[in-house]
Amino acid sequence: MQQDGFKAGVKAGSMIAIGYFPIALTFGLLAKTTGLSIIEAVGMSLFVFAGASQYIALGLIAKHVDPIVIVLNTFIVNIRHFLMTASLNEKMQPAPRWKKAVYAFGVTDETFSVISTHGEGRVKTSFGAGVILMAYGSWVVFTGIGHVIGANLPLFLQAAMSIALYAMFVALLVPSMKGNRKVVLLALTAAALNGFFFWTKLLSTGWAIMVSTLASAIIVEMIYTRRGALIRHAAGQKEGS
């Protein structure tokens, strides 16, 4: 079992905090230009704590999408957290359920990566608490700072910052597309479906994003499952011959 405790977790989490600085700061700034008050912006970071979902929510809020649709989109985007928390449950030291519930809330891609790769054997709950506390605290604090900065920007810069939201999505997407055909196909399929719904007006913005996300994931997974089956079948025939 790892001997590292809370202090070691805080130290490891400080690296996440440094990485969160520009992203959370930008979120707070964009939240201000979208029309959210500082209480609403910081409240979203306090109760949601999910970077990509919060950025998506800003775009939907700006388009006055139904709150229920925003919640559903957030749920779909964060479905992967079920798998991450299940994996951490095997990695972490046994603990009462209430403690598991607390650190499960603080699981993000970054905290999961740091905790799950922390040495061999089980990880102490105190270490996970230190990592999550630093990540969570920095995200909330930097959101507030970003909102304050945004409130003091000239109006023309506040209006121009709406473009940064789309730039952020591109910046998050492009690195994961490099050398990964599946991600490229997924992005193109989702974009095509969303474009179809947008131009035909069959679905509103929020529903279009949600349906496009789910449908593209299903379609791409079916394609790769079928492709894998064909490859295995061809390999079997080759060995048989």
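Is Phe49 buried or exposed? In this predicted model, Phe49 is buried, with a relative accessible area of 3%. To find this residue, look at the loop between helix H2 (38-47) and helix H3 (51-62). Its backbone deserves a second look too: Phe49 has a positive phi of about 50°, although it is not a glycine. Most residues other than glycine have a negative phi.

Now follow the chain onward to His64, which sits in the loop between H3 and helix H4 (67-77). Here again a residue other than glycine takes a positive phi, this time near 60°. The surroundings of His64 can be read from its relative accessibility of 71%: a residue over 50% counts as exposed, so His64 is exposed.

Let us turn from loops to the packing of helices. Helix H1 (residues 6-34) packs with helix H8 (residues 125-151) at an angle of about 25°, and their axes are 6 Å apart. Angles under 35 degrees count as roughly parallel, and H1 and H8 are therefore roughly parallel to each other. Their crossing is right-handed. What kinds of residues make up the contact of H1 with H8? They divide into 25 nonpolar, 11 polar and one charged.

H8 also packs with helix H7 (residues 109-116), and in this pair the angle is about 155°, with the axes 10 Å apart. An angle over 145 degrees counts as roughly antiparallel, so H7 and H8 are roughly antiparallel to each other. The crossing of H7 and H8 is right-handed.

The last stop is helix H11 (residues 181-200). How far apart are its end C-alpha atoms? They are 28 Å apart, which agrees with the 28 Å that its 20 residues should span at 1.5 Å a residue. The buried residues of H11 are Ala187, Thr189 and Phe197. Because these three cover an arc of only 165° around the axis, they lie on the same side of H11. On the other side of H11 you will find Arg181, Leu188, Ala192 and Trp199, which are exposed.

Step just past H11 and you meet Lys201, with a positive phi of about 60°. That brings back the theme of the opening: Phe49 has a positive phi, and so does His64. With these places in mind, try tracing them in the structure above, starting from the buried Phe49 and ending at Lys201, just after H11.

Technical notes. Residues are numbered from 1 along each chain as its sequence is written. This is a predicted model: local features need pLDDT of at least 70, side-chain atom pairs count only at pLDDT 80 or more; totals for chains, interfaces and linings use all residues. Side-chain values use heavy atoms; hydrogens and water are left out. Axes are lines fitted to C-alpha atoms, for helices over the stretch in contact, and angles run from 0 to 180 degrees between N-to-C directions. Helices (H or I, at least four residues) and strands (E, at least two) are DSSP runs, numbered from the N terminus. Angles under 35 degrees count as roughly parallel, over 145 as roughly antiparallel, 65 to 115 as roughly perpendicular and the rest as oblique. A crossing is left-handed if the near helix is turned anticlockwise from the far one by less than a right angle, and right-handed if clockwise. Ala, Val, Leu, Ile, Met, Phe, Trp, Tyr, Cys and Pro count as nonpolar, Asp, Glu, Lys and Arg as charged, and the others, Gly among them, as polar. The expected span of a helix is 1.5 Å times one less than its number of residues. Buried means under 20% relative accessible area, exposed over 50%, partly exposed in between (1.4 Å probe, protein chains only). The arc is that of the directions from the helix axis to the C-beta atoms.
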